[in-house]
Amino acid sequence: MLIATDLDGTLVPNDNVVLPPFTASVLHQMDTAGVPVVFVTARPLRWMGAFWPHVGNHGMAIVSNGAITYDAHEGRIVSLAGIGSEVGLAVCHAITGALPGARFAIECTDGIRLDPQYVEPYPAPGAPRGPLDEIWTDPAVKLLVRHPDIEPDLLHNQVAAIVGDAATVTWSVSGLVEISAAGITKASALQSLCESLDVRSDNVIAFGDMPNDIPMLMWAGTSYAVANAHESVQVVAQHSAPSCADEGVAQVLERLLKSTVPLAGE
């Protein structure tokens, strides 16, 4: 068995950098029982430092919506699927042509880079800022899109229609569109990791709360949406867990620990 869980809004409150004590305790118990709990998050590497102590013996985490699989024990990127500048700039040109005023940023392995108009709500001191064709010098693990004048849901839908199959469009925060390389999702990265660990999808239990979690929830043999999840996530998930605020993932995992069925090796 393997547990795959989103972080923000699922395992921890949005933007939190500390695991609640009960959740931390349950994750440790799962690890002791031989069941890996893999964090599968939209967060970039630069926001993961506080979570590395909780990764467990397996050492692996999936970040940036599946673009990076990371070995926290060795402090190295195991796999990276980024968007090259040629493809990325073409995508940005298509979006700008249809939605004048769109603003862009790219997440790279060394941090975020911003176009001149992009408004970053989180502090990013020293982040390069300039025309995309000048700052896009490395593969981007995520292309971020905002627009000051378009309602969030409409923006998500319009960008997805514009981009088509040239890249993967999703979102986890209202008003922010997240674009990954074509075919890259939380599910694609989780599947690759599970294959390396010889874990079948029907032995994976996944937890999520936002649309970027949907591919992972649909791939896993067992899926849970926390009670605070977006409506689209609740529709596809097989089960409901208590809310993130109530440490719902930990509650479900604690019940698994107390079950009479052996966990490891299921």
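Which handedness does the crossing of α1 and α8 have? I looked this up at the start, bearing in mind that the model is predicted, and I noted the crossing of α1 and α8 as left-handed.

**Entry 1: the helix pair**

I keep in mind that two packed helices are described by the angle between their axes and the distance between the axes. For helix α1 (residues 21-32) and helix α8 (residues 248-258), I found that the axes come within 9 Å and cross at roughly 35°. I then listed who makes the contact: α1 contributes Phe-22, Thr-23, Val-26, Leu-27, Gln-29 and Met-30, while α8 contributes Ala-250, Gln-251, Leu-253, Glu-254 and Leu-257. Sorted by character, the residues of this contact between α1 and α8 are seven nonpolar, three polar and one charged.

**Entry 2: aromatic pairs**

I searched for paired aromatic rings, counting those whose centres lie within 6.5 Å, and the count came to four aromatic pairs. I looked at Trp-47 and Tyr-122, whose ring centres are 5.0 Å apart with the planes at 75°, so I entered the pair as edge-to-face. This pair joins distant parts of the chain, since Trp-47 sits in the loop between β2 (37-40) and β3 (60-63) and Tyr-122 in the loop between β7 (111-114) and α3 (132-135), 75 residues apart. I also checked the exposure of both: Trp-47 is partly exposed at a relative accessible area of 29%, and Tyr-122 is partly exposed at 31%.

I turned next to Trp-52 and Tyr-70, an aromatic pair that I recorded as stacked, with 4.9 Å from centre to centre and 20° between the planes. Trp-52 is in the loop between β2 and β3 and Tyr-70 in strand β4 (residues 68-71), so this pair ties together parts 18 residues apart in sequence. I put Tyr-70 down as buried because its relative accessibility is 13%, and the cut-off for that word is under 20%.

**Entry 3: the nonpolar cores**

In soluble globular proteins, nonpolar side chains tend to be buried together. I looked for such groupings here and found that the largest nonpolar core has 79 residues, with Ile-95, Leu-143 and Ile-179 having the most contacts inside it. I followed Leu-143 further and, leaving aside neighbours within four places in sequence, found contacts that include Ile-83, Val-91, Phe-104, Ile-106, Trp-136, Val-177 and Ile-179. There is also a second, separate core of six residues, among them Ala-105, Ile-112, Tyr-118 and Leu-176.

**Entry 4: Asn-65 and Thr-170**

Asn-65 caught my attention for its phi near 60°, a positive value in a residue other than glycine. I located Asn-65 in the loop between β3 and β4, and with a relative accessible area of 3% it is buried. I then asked how many residues separate Thr-170 and Asn-65 in sequence. They are 105 residues apart along the chain, while their C-alpha atoms are 9.0 Å apart in space. Thr-170 belongs to strand β9 (residues 167-173) and counts as buried at 15% relative accessibility. Setting aside residues up to four places away in sequence, I found that Thr-170 touches Asn-65, Val-177, Glu-178, Pro-211 and Asn-212.

**Entry 5: the loop between α5 and β11**

Is Asp-198 buried or exposed? I found Asp-198 exposed, with a relative accessible area of 71%. Asp-198 lies in the loop between α5 and β11, and its phi is positive, about 60°, although it is not a glycine. Val-199 is found in the loop between α5 (186-196) and β11 (204-208), but this residue counts as buried, at 17% relative accessibility. Apart from neighbours within four places in sequence, Val-199 is in contact with Leu-2, Cys-194 and Val-204. I also checked Val-199 against Leu-253, 54 residues away along the chain, and found their C-alpha atoms separated by 18 Å.

**Entry 6: Ser-223**

My last look was at Ser-223, which is placed in strand β12 (residues 222-226) and counts as buried at 1% relative accessibility. The C-alpha atoms of Ser-223 and Ile-205 are separated by 5.7 Å, with their positions 18 residues apart along the chain. Beyond its neighbours within four places in sequence, Ser-223 is in contact with Ala-206, Leu-217, Val-236, Ala-237, Gln-238 and His-239.

How values were computed
Residues numbered from 1 in each chain as written. Predicted model: local features only at pLDDT ≥ 70, side-chain atom pairs only at ≥ 80, totals over all residues. Heavy atoms only, no water. Phe/Tyr/Trp six-rings, centres within 6.5 Å; stacked < 30°, edge-to-face > 60°. Helix = DSSP H or I, 4+ residues; strand = E, 2+ residues; numbered from the N terminus. Buried < 20%, exposed > 50% of the residue type's maximum accessible area, 1.4 Å probe, protein only. Axes fitted to C-alpha atoms, helices over the stretch in contact; angles between N-to-C directions. Left-handed = near helix turned anticlockwise from the far one by under 90°. Contact = heavy atoms within 4.5 Å. Nonpolar A, V, L, I, M, F, W, Y, C, P; charged D, E, K, R; others polar. Core = buried A, V, L, I, M, F, W, Y, C linked by side-chain atoms within 4.5 Å.
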